[in-house]
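Let's take a walk through this structure together, one region at a time. Keep the viewer open so that you can follow along.

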Amino acid sequence: MRIFLKLCPGLLLLVALLAIGIPELMAKQVGMQGEEKFWERTVRFFLLQDTSVQIVVLGSTLIGISCGLIGSYVVTRKLSLFGDTLSHAVLPGIAIGFLWAESKDNIALMVGATGAGFLGVSCLTFLQKCTHVRQDSALGIVLSGFYAVGICLLTRIQKMEFGNQSGLDSFLFGQASALSVEDLWGIGCTLFIISLFILTAHKKLLITGFDLSFSRSIGIRADSLQYVLWLLLAFCIITSLQAIGVILASALLIIPAVTASLLVKRMNAYLLISATLGAFAGLGGSFFSFLGQGMPTGPLIVLVSAGIFIFVLCLRPTDGLLIKWFFSRKNTLRIHREDTLKAVYQILESHDFQHQTINTQALMSKRGIDIVKCEIEIQQLINAGLATTEPRSPKLSIPGQSILSLTPMGWEYACKIVRNHRLWELYLTNEAKYAPDHVHDDAEKIEHVLGDDTIRQLEHILSNPRKDPHGKLIPSLTDMEMGNIESSPSS
Amino acid sequence: MNSLPYPIQVHDLTVSYQRKPVLYGVDLEIEAGSLVGVIGPNGAGKSTLIKTIMNMVRPNGGFVKILGKSPKAGTKHIGYVPQRESVDWEFPVTVMDVVLMGRYGHLGWFGRISKADKKMAHECLEKVDMLSYANRQIGNLSGGQQQRVFLARALAQESSIYLMDEPFVGVDAVTEKTIVSILKSMQQSGKTLVIVHHDLATAKNYFDHLLLLNMRKIAYGPTPKVFTEELLQKTYGGRLTVFSEMASQAAKQPEIETAKTIGE
């Protein structure tokens, strides 16, 4: 946790850099073209004025929704790497489909990709069932092996005469602006089938994901369900390849779903959020790609979804890293303040409450800290309205040479902390049978977290004690009123 | 003799994992309305027996019959409670969702969960004292609470036979008491229950029938008859280690044996 907290500012910086960097980069490219300004293109994108923009917006949004939905099942079933492997495995199929049709024919590419994907899954199943290769290694082997074959084939194709203007490299990194109307049909159909499947088999998917053996015991055919899910996953990947590319296709499956897992605890809401985030990421990625005039869409989609993920990770309610850091910092400051107040009390006590003020030097040596830290601690007390200072002599003010007195509020607070500490010590020695020399360190920590209710309980158990195990007074409200102890000048 | 078919009948059952035998020629006939504890040392094949009855492991020999039917048709009548560790407790479902899963066996493809199903799940959660947790995500539960949720799901299934795999592992004393009292009341309402158990000390009080298992069926019968020092010795005393060693030897490839003879 600590490491995360330390990394947190770094992560934020990264997000900030990305947020500043991407539009800058775009603006520069746009500027080089010298045709349109940044804002003009933004407006053009969101007003959906021309058909190409409409196709891009519709296509990338639908892809995002499909991937978000299927991704929820992929992530909750711990199949993240499986999706990645499948997306890499289809690459040689695409290349072969292209060689076969000698052009970018959608049907041929689709058939090739499906075939290669199927072969990839078969290899994976073989490695797992018939050898001792572990699952993660098997995934790694299939992923890199198929991808290598795909790259070799693609390089060959680009050297052929019909290969030059093939636009096949958009399958590597994605290019949403190259989406055609036929692509859109494929994407739409895939989304329709996925939605239909989820609607009809929602409960079965839920139960097989959670408890496979139980689902089998009530007669659910979990294996067939799994195969349908894989098939839809393959379709989802294949139809989204044009927009996001082979290398990063799994990002749109994984990141929105993982982000959803940070936010919700039920599958329905999970699906909804994951689909929304997926749509948003797809749209955002193609928007930035549009601004950048031909920047590959894949990496931009990943950046958008990763940005959302980091944002949610840091700022989600109660558990966000930044939120946690904030509260932990607040707590640390409070504990420091309370320790300082206690030290002031103890110094006053060592003089039998004869004085009402102490000097900074005494506080420094009592707390065992240097002058800079001491000044900071005093300043924090002053800021919280718990203490006031004045220079030792009215003429000159030297750091570390001032006189400190507690306000009535500060004095009450100090008494409360000391009381907490000593009550706890007494409780440990009397009730938990600790030796008196073992209780101090424990009380040092507990004193900051004892609530009023616990204090009442302790008072009751120990029947309102006056002295702690070391014979020191446990300060109470009556003591303050009776003037047995006194510090606050106004009291 | 009972004219009705046995809830669970196992005949000459042999199961092995990768040539290593786990169960060897087990015969078992469980009568309706018994509360059976399956006990034996680690690796004795207790969970394997349950899984074979549930048709999750394919036997090498022998057969299982559930209410006189084949396991494939019969498992629908069984409420199965898997080991607690076998599922993903980080899955995005709430306690109520899990209990409702017990009703899924009664729904069709388009079947919706009715009000009656919800009411039933509600009652089942109440029986295991977990109603106040109904809307919690399952990841925040303690081990004992997780087991109670599983039990509630089993209750919601309304089966006539129940198989439970180690329901007492890693649960607190209060939960253990709750589970035992629920098991006994289930038995009183005529259910047949088979429970894998690991603690010999409590087995005597919890179950009315015991199955002592160590690769072979050592004994099966009413608890007072079976819970004897001699039989327990036989189950836990390691007398069968020679038997199991020989069995796995035989399962190994015969080449090793031949090579040795040639070498000599």
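A good place to begin is Thr85(A), which lies in helix α4 of chain A. Please keep in mind throughout that this is a predicted model. Is Thr85(A) buried or exposed? Thr85(A) has a relative accessibility of 3%, so this residue counts as buried, the cut-off being under 20%. Leaving aside residues up to four places away in sequence, Thr85(A) touches Leu139(A), Val142(A) and Leu143(A).

Now turn to the surface of chain A. Trp100(A), Ile107(A) and Val111(A) make a nonpolar surface patch of about 390 Å². To find this patch in the viewer, look for Val111(A) in helix α6, which covers residues 106-130 of chain A.

Next come the charged pairs. Side chains of opposite charge can pair when their charged atoms come close. How many salt bridges are there over all chains? The count comes to 17. One of them joins Lys78(A) to Asp88(B), with 3.3 Å between the closest N and O atoms. This pair crosses between chains: Lys78(A) sits in the loop between α3 (51-76) and α4 (80-89) of chain A, while Asp88(B) sits in the loop between β5 (78-81) and α3 (95-101) of chain B. The two partners are covered to differing degrees, as their accessibilities show. Lys78(A) is exposed at a relative accessible area of 62%, whereas Asp88(B), at 16% relative accessibility, counts as buried.

Another salt bridge pairs Asp211(A) with Arg153(B), where the closest N and O atoms are 2.8 Å apart. Here too the pair crosses between chains, running from Asp211(A), in the loop between α9 (181-210) and α10 (212-217) of chain A, to Arg153(B) in helix α5 (residues 143-157) of chain B. Are these partners buried or exposed? Asp211(A) counts as buried at 1% relative accessibility, and Arg153(B) counts as buried at 1% as well.

Stay with chain A for a salt bridge inside one chain. The side chains of Glu459(A) and Arg419(A) meet at 2.5 Å, N to O. Their salt bridge links distant parts of the chain, with Glu459(A) in helix α20 (residues 452-461) and Arg419(A) in helix α18 (residues 408-430), 40 residues apart. Glu459(A) has a relative accessible area of 11% and is buried; Arg419(A), at 13%, is buried too. Elsewhere, salt bridges that share partners join Asp339(A), Lys342(A), Glu444(A) and Glu447(A) into one network.

Let's move over to chain B as a whole. Chain B has 11 helices and 9 strands, and 49% of its 264 residues count as buried. Its accessible surface comes to about 13,200 Å², of which 51% belongs to carbon and sulfur atoms. Among contacts in chain B between residues at least 6 apart in sequence, 69% join residues at least 24 apart.

For a close look at the inside of chain B, pick Val15(B), in strand β1 (residues 8-17). Val15(B) counts as buried because its relative accessibility is 0%, with buried meaning under 20%. Which residues does Val15(B) touch, not counting those up to four places away in sequence? They are Pro21(B), Val22(B), Leu23(B), Thr48(B), Thr52(B), Val57(B), Arg58(B), Pro59(B) and Asn60(B). Val15(B) also has Gly61(B) at 7.0 Å, C-alpha to C-alpha, although 46 residues separate the two in sequence.

Further along chain B, find strands β8 (residues 209-214) and β9 (residues 216-222), which run antiparallel and are joined by 6 bridges. Within this pairing, Leu213(B) stands opposite Lys217(B) in β9(B). The hairpin has 1 residue between the strands, and Met215(B) takes a positive phi near 70° there.

Finally, a word on confidence. Chain B averages a pLDDT of 84, and 87% of its residues score at least 70. Where in chain B is confidence highest, and where is it lowest? Strand β7 (residues 192-196) is highest, at a mean of 94, while helix α11 (residues 255-263) is lowest, at a mean of 40. Over residues 253-264 of chain B the pLDDT is below 50, and this stretch has 1 contact in the model beyond near neighbours in sequence.

Key
Residues numbered from 1 in each chain as written. Chains lettered and ligands numbered in written order. Predicted model: local features only at pLDDT ≥ 70, side-chain atom pairs only at ≥ 80, totals over all residues. Heavy atoms only, no water. Salt bridge = Lys/Arg side-chain N within 4 Å of Asp/Glu carboxyl O. Helix = DSSP H or I, 4+ residues; strand = E, 2+ residues; numbered from the N terminus. Buried < 20%, exposed > 50% of the residue type's maximum accessible area, 1.4 Å probe, protein only. Contact = heavy atoms within 4.5 Å. Patch = residues over 30% accessible without salt bridge, like charges linked within 9 Å, V, L, I, M, F, W, Y side chains within 5 Å. Areas by Shrake-Rupley, 256 points an atom, 1.4 Å probe, with all protein chains shown as cover. pLDDT = per-residue confidence, 0-100. Pairing = 2+ DSSP bridges.
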